[in-house]
Amino acid sequence: MKITDIKTAQAGGFYIRVFTDEGLTGTGEAVHGGAGCANIIEGIKSMFIGEDPLNIDCLFEKARRARIFDGALAGNFVTALTGIEIALWDLAGKALNIPVYRLLGGKFRDKIRLYADCGRMTEEKAEKVLSMGFNAVKIDIDDASDPNKLDRWNWSITPGELQRMVDQVASARETIGPNIDLAVDMHGRYDTHSGVKVACALEPYNLMWLEEPVPPENVDAMFQVKQSTQTPICAGENLYLRYGFRDLLEKQAVDIIMPDLPKCGGLSEGRKIANIAEVYYIPLAPHNVSGPLGTIASCHVCASVPNFLVLEWHRLSDPNWDRIAITEKPLIQEGYIVLPDGPGLGIELNEDFLRQLTNRGKLFE
Ligand SMILES: [Mg+2]
């Protein structure tokens with residue numbers, strides 16, 4: 001079997017399809033790439049055409065190394081390759097008639113635990129996620145519109161801002177009760193002493209983690225926050241490839257890592273990152289803002305490593321979530337996704353719906 005073409009579709013999400021001379025195709029999803037990734041894929045697809053689609057890691061590395069001088073160390077280039085990589089895993093599973101998790105070494109678990117990203121927590125949202133059966137949630141506490149802020153560029157926290165954050169977390173904890181896991185995101189917008197102040201002030205609320213209290217570029221600053229507090233620190237949604245996680249892990253600057261698998265390198269790379277984290281006893285809690293396809297792709301990795309903690313679900317307010325892909329029953333049941341057992345990723349896009357959504361006759365071009 002040989003690859004004959006790679007096409008992309010921007011339809012709510014960004015999708016990538018690999019075609020072969022045997023008529024078999026594989027489909028992947030990548031995030032935070034969009035039109036930039038579509039252009040990159042157009043520019044590199046000749047490197048894939050005529051190749052054996054089952055040679056996934058080698059094809060990925062061949063294209064990455066060929067474009068190092070063009071920025072293939074991170075960012076959009078890696079995300080474009082990630083989309084192809086995930087499509088290739090789907091294709092490989094279909095060619096061999098087994099689910100992707102089996103190709104990744106098998107599964108440690110049958111269902112994948114999710115946390116619901118709630119953004120600003122309200123009583124209504126709390127009630128909704130609890131009634132949906134989630135046992136873990138995340139809230140945002142950075143707020144650019146907070147009148148207590150010095151200005152939108154300065155990252156030092158004021159006493160009023162700190163108090164507002166503590167009040168928000170206290171209220172969320174009270175609403176969900178003591179037995180639900182609670183993560184809190186600061187989106188990497190604060191300086192080191194501010195990060196320390198927040199992490200320490202939130203210790204009474206038994207957080208699952210505090211996410212990116214400081215920006216991600218300076219691992220030593222992240223380490224300083226981690227060392228200062230009993231609140232677990234989580235970071236990594238903007239890092240790429242295992243090379244991007246090396247410093248963070250070697251210095252043990254976080255308690256939990258959160259690679260975004262349909263963005264940072266894909267399934268093979270995600271598993272390698274998780275394996276490196278494992279030797280430092282650091283759990284994996286992937287960041288995830290993808291649709292059903294990218295989410296299920298992440299699930300295959302989450303199933304295949306022992307140190308998986310929880311996977312993000314960021315589509316609480318997306319009315320199309322259950323229509324984007326074809327599923328017999330809703331994908332999420334009681335806060336978990338049951339790992340699909342079909343060949344490949346085990347999930348197909350609902351192309352009729354996506355065509356309707358985008359008002360297009362043809363999805364993949
Ligand atoms: Mg985040």
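This is a dialogue about how to read the sheet, the helix packing and the domains of a predicted model.

Colleague: Since the model is predicted, I would like to begin with the sheet; how many strands form it, and in what order do they stand?

Modeller: Strands of a sheet pair through backbone hydrogen bonds, either parallel or antiparallel. Here the sheet is an open one of three strands, which follow the order 1-2-3 with antiparallel pairing, and from one strand to the next the twist averages 20°.

Colleague: Which strands stand at the edges of this sheet?

Modeller: Strand 1, residues 3–11, and strand 3, residues 25–30, are the edge strands; each has a single partner strand, so one side of each is left without a neighbour in the sheet.

Colleague: How many bridges join strand 1 to strand 2, and what links the two strands along the chain?

Modeller: Strand 1 and strand 2 run antiparallel and are joined by eight bridges, with Asp5 standing opposite Phe19 of strand 2. The two strands form a hairpin with one residue between them, and in the turn Gly12 has a positive phi of about 80°.

Colleague: And how many bridges are there on the other side, where strand 2 pairs with strand 3?

Modeller: Strand 2, which covers residues 13–20, pairs with strand 3 over six bridges, again in the antiparallel sense. Phe19 takes part here as well, with Thr25 in strand 3 as its bridge partner. Outside the sheet's own pairing, helix 12, residues 292–304, lies across strand 2 and strand 3 and runs at about 95° to strand 3.

Colleague: Turning to helix packing, at what angle do helix 2 and helix 3 pack?

Modeller: An angle between helices is read together with the separation of their axes, and for helix 2 (residues 56–66) and helix 3 (residues 75–96) the angle is about 165°, with the axes 10 Å apart. Because angles over 145 degrees count as roughly antiparallel, helix 2 is roughly antiparallel to helix 3. The crossing of these two helices is right-handed.

Colleague: Which residues meet where helix 2 and helix 3 pack?

Modeller: From helix 2 come Ile56, Leu59, Phe60, Ala63 and Arg64, and they meet Leu81, Glu85, Leu88, Trp89 and Ala92 of helix 3. By residue class, this contact divides into eight nonpolar, no polar and two charged.

Colleague: At roughly what angle do helix 6 and helix 7 cross?

Modeller: Helix 6 (residues 159–176) and helix 7 (residues 192–201) cross at roughly 35°, and their axes come within 10 Å; this crossing, too, is right-handed. In the contact, Leu162, Met165 and Val166 of helix 6 meet Lys197, Val198 and Ala201 of helix 7, a set made up of five nonpolar, no polar and one charged.

Colleague: Finally, which domains does the assignment give for the chain?

Modeller: The domain assignment gives domain 1 as 3–98 + 350–358 and domain 2 as 103–341. The centres of the two domains, taken over C-alpha atoms, are separated by 26 Å, and their contact takes 25 residues from domain 1 and 23 residues from domain 2.

Colleague: Which elements supply the side of domain 1 that touches domain 2?

Modeller: At least two residues each come from strand 2, strand 3, helix 2, helix 3 and helix 13, the last being residues 351–358. Helix 3 gives the most to this side, with nine residues. The residues on this side of domain 1 divide into twelve nonpolar, ten polar and three charged.

Terms used:
Residues are numbered from 1 along each chain as its sequence is written. This is a predicted model: local features need pLDDT of at least 70, side-chain atom pairs count only at pLDDT 80 or more; totals for chains, interfaces and linings use all residues. Axes are lines fitted to C-alpha atoms, for helices over the stretch in contact, and angles run from 0 to 180 degrees between N-to-C directions. Helices (H or I, at least four residues) and strands (E, at least two) are DSSP runs, numbered from the N terminus. Angles under 35 degrees count as roughly parallel, over 145 as roughly antiparallel, 65 to 115 as roughly perpendicular and the rest as oblique. A crossing is left-handed if the near helix is turned anticlockwise from the far one by less than a right angle, and right-handed if clockwise. Two residues are in contact if their C-beta atoms, placed from the backbone, lie within 7 Å. Ala, Val, Leu, Ile, Met, Phe, Trp, Tyr, Cys and Pro count as nonpolar, Asp, Glu, Lys and Arg as charged, and the others, Gly among them, as polar. Two strands pair if DSSP finds at least two bridges between them. Domain bounds come from an automatic or database domain assignment.
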